[in-house]
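Let's take a walk through this one together, starting with a small detail and then stepping back to the whole fold. Keep the viewer open as you read.

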Amino acid sequence: FASDRPEGLGGYDLYVPTAERTGFGVPAPLGLCNTALDETDPAPAPNGEDLVFVRIDRQRDRGNDGVLFRCTLAAGLEPVPVFGDLGAVRRARPIDRDPAWTPDGGALWFVRKAGGEPLRLLRASLCQGVFDAPVVIGEGWGSSELRSPLPSADGLRLGLLQPQRADETSALWFHAAGHEVYPWWPGQRWLEWILLGVLLTCLLLVVLLHFGR
């Protein structure tokens, strides 16, 4: 979790308490990730080794900042940006927040705010240890800005939070459900026979044309 406890390195830092039989022990700072900047939104991977979190520079654009970082806890190496070097995009980089892994660890959900565009929900697949370019999801849903993606354990449902707006009395919780699309359905057999008949007819016409010539 993230906290601005006084023993931190500055701003918000990441902490990990040890699970015990009666609850949790004293939280210990995650020194590998913490800096004088703000570290928030920790998202541990299902494998227990990788961690994605958000680093915020409050001196940048009045605190409107957020960059996804990734580290391998056991390796002891410095965290690196999830989507490449920040030097080339330092002037106009997007704000990324709310990372969440899929249950199988094969992709990462998060939200992004870029320029004057509305908040968007994105999903990036993990390919051979590297995240692919993120893809925008749900643009046609017709809902307002949604955040805090929460994938279900079966990977077929996604929970999303719509923060409270000025014209509403409370925040709203949405969920999107997916299902597997099958290439075959009951009652399709007659269509297969028709297509087979058309194919055989075409072959017969080709043979007749060949011998007729």
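In which strand is the place of Ser-148? Look at strand S15, which covers residues 147-151, and you'll find Ser-148 there. Bear in mind as you look that this is a predicted model. The backbone is what makes this serine worth a stop: phi of Ser-148 is near 55 degrees, a positive value in a residue that isn't glycine. As a rule, most residues other than glycine have a negative phi. As for its surroundings, Ser-148 has a relative accessible area of 27%. It counts as partly exposed because that value lies between the 20% and 50% cut-offs.

Now hop over to strand S10, where Asp-98 sits. Here's another positive phi outside glycine, with Asp-98 also near 55 degrees. How much of Asp-98 is accessible, in relative terms? The figure is 12%, and since anything under 20% counts as buried, Asp-98 is buried.

Stay around S10 (95-101) for a moment and look at the loop that links it with strand S9 (80-81). Arg-93 is in that loop. Is Arg-93 buried or exposed? It's buried, at a relative accessible area of 13%. What does the side chain of Arg-93 make a polar contact with? Its partner is the side chain of Asp-65, at 2.9 Å.

Time to zoom out. The secondary structure adds up to 1 helix and 17 strands. How does the overall shape compare with a compact globule? The radius of gyration is 25 Å, whereas the globule rule gives 17 Å for 213 residues, so this protein is more spread out than a compact globule. You can also put a box around the C-alpha atoms: along the principal axes, they fill roughly 90 × 45 × 45 Å.

What about the inside and the surface? Of the 213 residues, 28% count as buried, and Arg-93 and Asp-98 are among the buried ones. The protein exposes about 14100 Å², with carbon and sulfur atoms supplying 60% of that area.

Contacts along the chain round things off. If you take contacts between residues at least 6 apart in sequence, 36% of them join residues at least 24 apart. Finally, there are the charges: 20 positive and 26 negative, and their mean positions are 4 Å apart.

Note on methods. Residues are numbered from 1 along each chain as its sequence is written. This is a predicted model: local features need pLDDT of at least 70, side-chain atom pairs count only at pLDDT 80 or more; totals for chains, interfaces and linings use all residues. Side-chain values use heavy atoms; hydrogens and water are left out. Helices (H or I, at least four residues) and strands (E, at least two) are DSSP runs, numbered from the N terminus. Buried means under 20% relative accessible area, exposed over 50%, partly exposed in between (1.4 Å probe, protein chains only). A polar contact is a pair of N or O atoms within 3.5 Å; within protein, one must be able to donate a hydrogen and the other to accept it, and residues adjacent in sequence count only if both atoms are side-chain atoms. The radius of gyration is taken over C-alpha atoms; the globule rule is 2.2 Å times the number of residues to the power 0.38. Contact means heavy atoms within 4.5 Å. Accessible areas come from the Shrake-Rupley method with a 1.4 Å probe; for residues, only the protein chains shown count as cover. Lys and Arg count as positive and Asp and Glu as negative; His and the chain ends are not counted. The place of a charge is taken as NZ of Lys, CZ of Arg, CG of Asp or CD of Glu.
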